[in-house]
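User: Please take a close look at one helix of this protein. I should like to know how its sides differ, what it packs against, and how the aromatic rings are arranged.

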Amino acid sequence: MAQPSNDLLLRRCRLLHPTASITDVDIAIADGRIVAIAPQLDCTAPLELDIQGQLVSPPFVESHVHLDSALTAGEPRWNQSGTLFEGIEIWRDRKQTLTLDDVKERAIATLKQQAMQGVLFVRSHADVSEKNLIALQGLLEVREQVKDWMTLQVVAFPQDGLYGGPQNAELMEEALKLGADAVGGIPHYELTREDGVRSVHRIFELAEKYDRLIDVHCDEIDDDQSRFLEVVMACAIRSGMGTEVTASHTTAFGSYNNAYAFKLLGLLQRTQVNFVSNPLINITLQGRTDTYPKRRGVTRVKELWQQGQNVSLGHDCIQDPWYSLGTGNMLDVATMAVHVCQMTGMSEMNACYNMVTWNGAKTLQIDDCYGIEVGKPANLIVLDAIDPYDAIRRRATVRYVISRGKLIAQTDSPTSHWKADTSVVTG
Ligand code: FE2
């Protein structure tokens, strides 16, 4: 019998499964899909990679980033206070000079940087508070341009508030007509609490009208009275849109009194709203008005995870007015979550790894085509690690990135050599 012709064969893989169990297998890929997974495949391919027992994982999922502002740190000035609100002011000035090429060049450079670190699925917000919708149009063009190696979702995000300017609500609707994948919002930054509530209702109306997902920047503030998550939750319950809805940041949840927080956690069990936490950014932006004790300003990741809500993690910012650091590496994000959310137990660290992989896929609603299984698109990464704990602890190098069945990036792990004369060192 003729052997099937493969394009790519991976030998001696340690294949990671969602439960963090691991099996030793070979993986065959043909026509962009995974065609066989077994301990020892009896076949060949033009390209065979000996994985040497390293960890094979589904790609990282970046479920919250702002590509339109990426790589602009210091333009036109640096954020001196380190606050969210100074960041918004700086971005308001920087976006006056946006051009399509400017947005596209920075977005593609960032996406390549992310892909080389194993990220193949990205949800980016695009600011639609600017009258020419340049950020949105740029990212929609990029979505098309990169689709052969990267899946990009674009959220129409009214950075200055849906009702913060006379045209903002119209611009949001225009953005959806142009093809944004999701409706965004920022209720805690609207002019009044009532505007914030009204904005959430409008977001749900628009999502139903245009059949789009929802991803709201929700309660990204230390104010323990910022309570728009309950409005998002109520709209999700009444509309039945649970899994299509994401509440991003929800940092005020970390400041709520426990009586209210526990009530909210109980009510949240009635919906399947997704949560995205951005620990790198929130640990630096939040708590800036506190003296001591100083709050961490991060949502209740551990408690949400413990009660079975879908929680994923995002980088949020990569060298922009809110955060001048960052490379797009999702293991940096997972590591920060382990620390800030105090998730240092082994099952908790495995959970943090899942939050930058499977859970992210669920947030993006792409879980049906995500994962390393026969018949699914061949998207996978090879890490210089033996398991998720090892990957997080050492921020392991992503050695190979395979997208749609093609090897698109390779990185050699750095090696160190001991050079000192031992007799001198020991003295
Ligand atoms: Fe954000």
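The reply below treats the helix and then the aromatic rings.

Analyst: This is a predicted model, in which local features require pLDDT of at least 70 and side-chain atom pairs count only at pLDDT 80 or more, whereas totals for chains, interfaces and linings use all residues. Residues are numbered from 1 along each chain as its sequence is written, and side-chain values use heavy atoms, with hydrogens and water left out.

The helix chosen is H7, residues 258–268; helices (H or I, at least four residues) and strands (E, at least two) are DSSP runs numbered from the N terminus. Its buried residues are Tyr260, Ala261, Leu264, Leu265 and Leu268. These residues lie on the same side of H7, because they cover an arc of only 135° around the axis, the arc being that of the directions from the helix axis to the C-beta atoms. Buried means under 20% relative accessible area, exposed over 50%, and partly exposed in between, with a 1.4 Å probe and protein chains only. An α-helix has 3.6 residues a turn, so residues three or four places apart point the same way. On the face turned away from the buried side, H7 carries the exposed residues Ala259 and Phe262.

The buried residues of H7 pack against helix H6 (228–239), strand E12 (274–277) and helix H9 (301–306), where contact means heavy atoms within 4.5 Å. At the N-terminal end, Asn257 caps H7, with a side-chain oxygen 3.2 Å from the backbone nitrogen of Ala259. A polar contact is a pair of N or O atoms within 3.5 Å; within protein, one must be able to donate a hydrogen and the other to accept it, and residues adjacent in sequence count only if both atoms are side-chain atoms.

Tyr260 also belongs to one aromatic cluster with Phe253 and Tyr256. Both Phe253 and Tyr256 are buried. Rings of Phe, Tyr and Trp (its six-membered ring) pair if their centres lie within 6.5 Å; planes under 30 degrees apart count as stacked, over 60 as edge-to-face and the rest as tilted.

The structure holds 6 aromatic pairs. One of them, Phe121 with Tyr370, is edge-to-face, at 5.6 Å centre to centre and 70° between the planes. This pair links distant parts of the chain, 249 residues apart: Phe121 in strand E7 (residues 119–127) and Tyr370 in the loop between helix H12 (358–363) and strand E14 (380–383). Phe253 and Tyr256 have ring centres 5.6 Å apart and planes at 40°, so their pair is tilted.
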